[in-house]
Amino acid sequence: MQKNEIYRAAVSGFTSEGLGVCRVEGCAVFVPNAVPGEEYDLRITHVGSHGAYGKIETIITKSPHRVNRLCPYAKQCGGCDFWHIDYEAECEIKAQRVLDALNRLGGQNLSRIELTGAKTCVGYRNKAQFPAAPGKKGPEAGFFRKGTHDLIPMERCLIQPEAADKARDIVIAWARQYCVSAYDETTHTGLLRHIFVRHAAATGELMVCPVVNGESLPREKELVAALRKGLPGLRSVALNVNTRKGNGVMGDKTRILWGADAIEDILCGLRFRISPRSFYQVNRDQAEVLYGKALAAAGLHGTETVLDLYCGTGTITLCLARQAKAVIGVELVEAAIRDAEENARRNGIENARFFCADAGKAAKTLAAEGTRPDVIVVDPPRKGLSADVIDAVKEMSPDRVVYVSCDPATLARDVKLFGEKGYRLQSAEAVDLFPRCSHVESVVLLCRDV
Ligand code: SAH
């Protein structure tokens, strides 16, 4: 295969980043803006050791699922992947990815995966992190161009609620008015790095948190006044300090400039406190669907002891608690555990205990102490479970393991490992929490062989 040459190929699959996969002379070519079922003349733009990249030169067979992009920034913006495809085909791509992973990497023989799509693709995200950078007219904020750190200033990000865009615009207008500088990555100078906004979909509460390369901002009072005037749902203005180099968005220190230190949302009928740094699923409505599926898979009758590993602020744990005798939540981040305990208190839940620890270490300790949960729920980050977690889970020998996953590939790898420990896949389904983006969540139930 030669760079700059043109080859004819059809789309045979999609990568986890949302690129189409076409086969040319037996090699994978990754193609942006591909649609299932289409055939192209591709121009090869790069040939590397892990595959080649190609650009659509001509669409030979056009799919009826190709649509005009509703988002004017979609072609350049690194945020979303699927604005050029209708939602039905997007859901199909995601279900297929989970199916392929479980069959190919997980050693399963499933014929299909049920995916629950979202009711809306617009305004669903409850967390925005707009990077800021110096522009011609002063600071600007938006999103980065795909694969770069070039800023695309934007007026409206369609997957965010309008309030998030408004919050960003207010901060930028304030920064321009008072000559507050934006952060420049190349020189590590300037103040305003990111504008972080959180929105609680059920209560309408809003938190705005500028992330700055310094301990404070000039004209903090004026910023608070402008935000309060422009944002009716505003409950909290915080300032996060991040003076480190690199891509990490949030620093370790947060100071409240105005209002509460957290906002509150309602999820599965429970009230949750969301502080700036704690994990909270970005799509509230679909998180309810996901948790509902996890709960159904747990199959509780009120007599069980349940262990919830990677519990974050206790969202799944507290849903489980209502249907179990006792639940134990384990989470690495201390602030999240404090939130989880507070969440249990404010919802009057008394049968939940939380531990701040590494999931693997905690599971080992609990196993050694003779804790024998009936059900274990895991919801790890993308890298999945480490071998010691799987070993400790096996040692506790629960009847059921419910695995909530945000990465089909690591899920499939772990399903295979659980299989070697005597846990068989009983059911698997997917839920779309990230419309227009390539991520997908899955819930699988593993049952112990008798
Ligand atoms: N179940 C929660 C959180 C899921 S996100 C929810 O749905 O809201 C995954 C969580 O795992 C994060 O809160 C992260 O802080 C935590 N985590 C990451 N590595 C961990 C580890 N080694 N041990 C325990 N928790 C960990």
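**Helix packing and a five-stranded barrel**

In the predicted model, helix 2 carries a set of buried residues comprising Ala 164, Asp 165, Ala 167, Arg 168, Ile 170, Val 171, Ile 172, Trp 174 and Ala 175. These buried positions pack against four strands and one helix, namely strand 7 (127–135), strand 8 (138–144), strand 10 (192–199), strand 11 (206–212) and helix 3 (220–230). Helix 2 itself covers residues 162–177, 16 residues in number. From its first C-alpha to its last, helix 2 reaches 22 Å, close to the 22 Å expected at 1.5 Å a residue. Cys 179, which follows helix 2, has a positive phi near 55°.

A second packing arrangement involves helix 1 (residues 87–105) and helix 9 (residues 408–420), whose axes come within 8 Å and cross at roughly 35°. The crossing of helix 1 with helix 9 is right-handed. On the helix 1 side, the contact is formed by Arg 97, Val 98, Ala 101, Leu 102 and Leu 105, which meet Pro 408, Ala 409, Leu 411, Ala 412, Arg 413, Val 415 and Lys 416 of helix 9. Of the residues in this contact, nine are nonpolar and three are charged, with no polar residues.

The model also contains a barrel, closed by five strands in the order 1-2-3-5-4 with mixed pairing. From one strand to the next, the twist averages 50°. Within the barrel order, strand 3 is followed by strand 5. Strand 3 (residues 27–31) and strand 5 (residues 51–61) run parallel and are joined by two bridges. Val 29 has Ala 52 in strand 5 as its bridge partner.

Note on methods: Residues are numbered from 1 along each chain as its sequence is written. This is a predicted model: local features need pLDDT of at least 70, side-chain atom pairs count only at pLDDT 80 or more; totals for chains, interfaces and linings use all residues. Side-chain values use heavy atoms; hydrogens and water are left out. The expected span of a helix is 1.5 Å times one less than its number of residues. Buried means under 20% relative accessible area, exposed over 50%, partly exposed in between (1.4 Å probe, protein chains only). Contact means heavy atoms within 4.5 Å. Axes are lines fitted to C-alpha atoms, for helices over the stretch in contact, and angles run from 0 to 180 degrees between N-to-C directions. A crossing is left-handed if the near helix is turned anticlockwise from the far one by less than a right angle, and right-handed if clockwise. Ala, Val, Leu, Ile, Met, Phe, Trp, Tyr, Cys and Pro count as nonpolar, Asp, Glu, Lys and Arg as charged, and the others, Gly among them, as polar. Two strands pair if DSSP finds at least two bridges between them.
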